[in-house]
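The following paragraphs offer a guided reading of one protein model. Please keep the sequence and the model in view while reading.

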Amino acid sequence: LTLRGHVRHDGKVHAVILGTDTVRVREGRAVFEGASIVGKPGTLVRFVVADEARELESPPQAVGLRFCESGEVQEGEMCVPCEPGTFSSVTASPCQPCPAGSICFGGNSLSAVPGYYILSKQPLI
């Protein structure tokens, strides 16, 4: 079996499949280990499961893709974490340089260096 993005009427593909897109079926169950469905964050995308040897294809299946979370930014059609040395504590905000007196591990993770402290866990804007 193969997992692939559903082709819309206009010829565009709903989603891109990254990683392993094939699987073996055992005991009536198919598991696609290592496959990722990629599309614009916050959208509904469709994919199909195909048995190309038998020329069979499932009806399109829909899945909702999450929006980027705190500590992530959208690059193209993927959410990627802020790099070390930067952070983002507010959803849909760009990565910012690490504040003075702190260490940023990437994403939304930051910690105070000795002699400094963080007043609040509230988002930094």
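Is glutamate 72 buried or exposed? The model in view is a predicted one, and in this model glutamate 72 has a relative accessible area of 13%. Glutamate 72 is therefore buried, since that term applies under 20% relative accessible area.

This residue leads directly to the charged contacts of the structure. Side chains of opposite charge can pair when their charged atoms come close. Glutamate 72 forms a salt bridge with arginine 66, and the closest N and O atoms of this pair are 2.8 Å apart. Arginine 66 also forms a salt bridge with glutamate 69, where the closest N and O atoms lie 3.9 Å apart. In this way Arg66, Glu69 and Glu72 are linked in a network of salt bridges. Arginine 66 is partly exposed, with 43% relative accessibility, and glutamate 69 is likewise partly exposed, at 44%.

The structure holds three salt bridges. One of them joins arginine 54 to aspartate 51, with 3.6 Å between the closest N and O atoms. Arginine 54 is exposed, having a relative accessible area of 62%, whereas aspartate 51 is buried, with a value of 17%.

Arginine 66 appears again in the description of the largest pocket, whose lining consists of Ile37, Val38, Gly39, Pro41, Leu65, Arg66, Glu77, Met78 and Cys79. Two elements give two or more residues to this lining, namely β5 (35–38) and β10 (78–81). The volume of the largest pocket is about 150 Å³.

Met78, one of the residues that line the largest pocket, also belongs to a nonpolar patch on the surface. The other members of this patch are Val16 and Leu18, and the three residues together have about 240 Å² of accessible area. Leucine 18 is located in strand β2, which covers residues 16–19. With a relative accessible area of 38%, leucine 18 is partly exposed.

Attention may now turn to the loops. Glutamate 27 lies in the loop between β3 (25–26) and β4 (29–30). Its phi is near 50 degrees, a positive value in a residue other than glycine. Glutamate 27 is exposed, at 85% relative accessibility. A second glutamate with positive phi is glutamate 55, for which the angle is near 55 degrees. Glutamate 55 is placed in the loop between β6 (44–51) and β7 (56–57), and its relative accessibility of 72% makes it exposed as well.

The final part of this reading concerns a hairpin. Strand β13 (residues 102–106) and strand β14 (residues 109–112) run antiparallel and are joined by four bridges. Glycine 106 stands opposite serine 109, a residue of β14. Two residues lie between the strands of this hairpin, and glycine 107 takes a positive phi near 65 degrees there.

What is the distance in space between alanine 100 and alanine 112? Their C-alpha atoms are 9.0 Å apart, while the two residues are separated by twelve residues in sequence. Alanine 100 is found in the loop between β12 (96–97) and β13. At 74% relative accessibility, alanine 100 counts as exposed.

Definitions and conventions:
Residues numbered from 1 in each chain as written. Predicted model: local features only at pLDDT ≥ 70, side-chain atom pairs only at ≥ 80, totals over all residues. Heavy atoms only, no water. Patch = residues over 30% accessible without salt bridge, like charges linked within 9 Å, V, L, I, M, F, W, Y side chains within 5 Å. Areas by Shrake-Rupley, 256 points an atom, 1.4 Å probe, with all protein chains shown as cover. Salt bridge = Lys/Arg side-chain N within 4 Å of Asp/Glu carboxyl O. Buried < 20%, exposed > 50% of the residue type's maximum accessible area, 1.4 Å probe, protein only. Pairing = 2+ DSSP bridges. 1 Å grid on protein atoms, 1.4 Å probe; cavity = no way out; pocket = protein on both sides within 12 Å on 5 of 7 lines; lining within 4 Å. Points joined across faces, edges and corners; volume = space filled by probe spheres on them.
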